[in-house]
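Colleague: I would like to know how the labels on this model are justified. Take me through the reasoning, please.

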Amino acid sequence: MGKDKLKRFAEVETFNNVIQPDIKNLDSNHETKGFWHIKFGNSNPIILELGCGKGEYTVGLAKKFPNINFIGIDIKGSRIWRGAKTCIEENIQNVFFLRSKVDFINHFFDKNEVSEIWLTFSDPQPKKPRKRLTSPLFIDRYKKILKKEGVIHLKTDSDLLYEYTLDEISSKNYEIINHCNDVHGFIKNNLSQKTQDILSIKTFYESIWINDGKKIKYVCFSGIHNV
Ligand SMILES: C[S@@+](CC[C@H](N)C(=O)[O-])C[C@H]1O[C@@H](n2cnc3c(N)ncnc32)[C@H](O)[C@@H]1O
């Protein structure tokens, strides 16, 4: 492992905006479950970014919406380090980062504790559909924590993941709130100014895919409790 990575691992241990549970012993609920409002010191809505990487959405949205709480979740500590460090440097108080697999999300959040979920450039898992973050397996997990009116946002470069998610939405009769198959293109499917502003936040991977000439797709949907 590189020196920089080791330094980040050590530093992230000292950050009070990062929670790194002992995943090996995580066979029951984590102490945060149902108590995030106490950690944040307020009862503002909570929005998650799953597979947040360096946390560009978590940080970008937190700056735009100081009265909403954001939690970026990723398994990679060295990536989380970047977002957490930015929040410390810029005194952004409405953010936590959680180092965990998304698979364990129900250990960390209680029923109705989450208002929205962002999936940013998630791995399309071409050979393992069950592992896609919009598969029925994961949607069932989100159902246990997301408010009834809660929404899920997917931003992706992957045609496979985009089409798969649209098919899931259609077959389960979820409700599409917004969608766009070329977020940075000219035609934006009547996306509101507010949505365009939010979609202008670019993640690390997003910038790479844009440079590669890939179109960035977005869909926002609700109604996962209806099934
Ligand atoms: C392609 S990267 C995207 C990162 C970031 N959202 C971006 O757009 O730059 C996918 C991220 O998801 C994380 N990841 C993949 N599967 C995960 C899982 N099951 N639980 C937690 N994190 C996961 C990886 O560690 C990686 O940081």
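Modeller: Asn-173, just after H6, takes a positive phi of about 60°. Asn-91 follows H4, and its phi is also positive, near 55°. Keep in mind that this is a predicted model.

Colleague: How do you know that the length of H6 agrees with its 13 residues?

Modeller: H6 covers residues 159-171. At 1.5 Å a residue, they should span 18 Å, and the end C-alpha atoms are 18 Å apart, so the two agree.

Colleague: Which residues of H6 are called buried?

Modeller: They are Leu-161, Tyr-162, Tyr-164, Thr-165 and Ile-169. The label requires 20 or more other C-beta atoms within 10 Å.

Colleague: What puts them on the same side of H6?

Modeller: Their arc around the axis is only 165°, and therefore they share one side of H6. On the other side, Glu-163, Asp-167, Ser-170 and Ser-171 are exposed. The cover over the buried residues includes strand E6 (146-156), strand E7 (175-180) and strand E8 (217-222).

Colleague: Why is Glu-13 called exposed?

Modeller: The limit for exposed is 12 or fewer other C-beta atoms within 10 Å. Glu-13 has 10, so it is exposed. Glu-13 sits in the loop between helix H1 (3-12) and strand E1 (18-19). Trp-81 is 68 residues away in sequence, yet the C-alpha atoms of Glu-13 and Trp-81 are 9.4 Å apart.

Colleague: Trp-81 is in H4. Which residues of H4 are buried?

Modeller: Arg-79, Ile-80, Trp-81, Gly-83, Ala-84 and Cys-87. They pack against H1, E1, helix H3 (56-64), strand E3 (69-74) and strand E4 (95-99).

Colleague: How do you know that the span of H4 is as expected?

Modeller: H4 has 13 residues, 77-89. At 1.5 Å each they should span 18 Å; the end C-alpha atoms are 18 Å apart, so the value agrees.

Colleague: Which residues have the most contacts inside the largest nonpolar core?

Modeller: Leu-48, Leu-50, Ile-117, Tyr-142 and Tyr-218, in a core of 55 residues. Leu-50 touches Ile-73, Val-102, Ile-117, Leu-119 and Leu-133, leaving aside residues up to four places away in sequence.

Colleague: What makes up the shell around the ligand, by class?

Modeller: There are 6 nonpolar, 4 polar and 7 charged residues. Of the 17 around the ligand, Gly-51, Gly-53, Phe-121, Thr-203 and Tyr-205 come nearest. Helix H8 (residues 204-211) gives the most to this shell, with 3 residues.

Key: Residues are numbered from 1 along each chain as its sequence is written. This is a predicted model: local features need pLDDT of at least 70, side-chain atom pairs count only at pLDDT 80 or more; totals for chains, interfaces and linings use all residues. A residue is near a molecule or strand if its C-beta atom, placed from the backbone, lies within 6 Å of it. Helices (H or I, at least four residues) and strands (E, at least two) are DSSP runs, numbered from the N terminus. Ala, Val, Leu, Ile, Met, Phe, Trp, Tyr, Cys and Pro count as nonpolar, Asp, Glu, Lys and Arg as charged, and the others, Gly among them, as polar. A nonpolar core is a set of buried Ala, Val, Leu, Ile, Met, Phe, Trp, Tyr and Cys residues joined through C-beta atoms within 7 Å. Two residues are in contact if their C-beta atoms, placed from the backbone, lie within 7 Å. The expected span of a helix is 1.5 Å times one less than its number of residues. The arc is that of the directions from the helix axis to the C-beta atoms.
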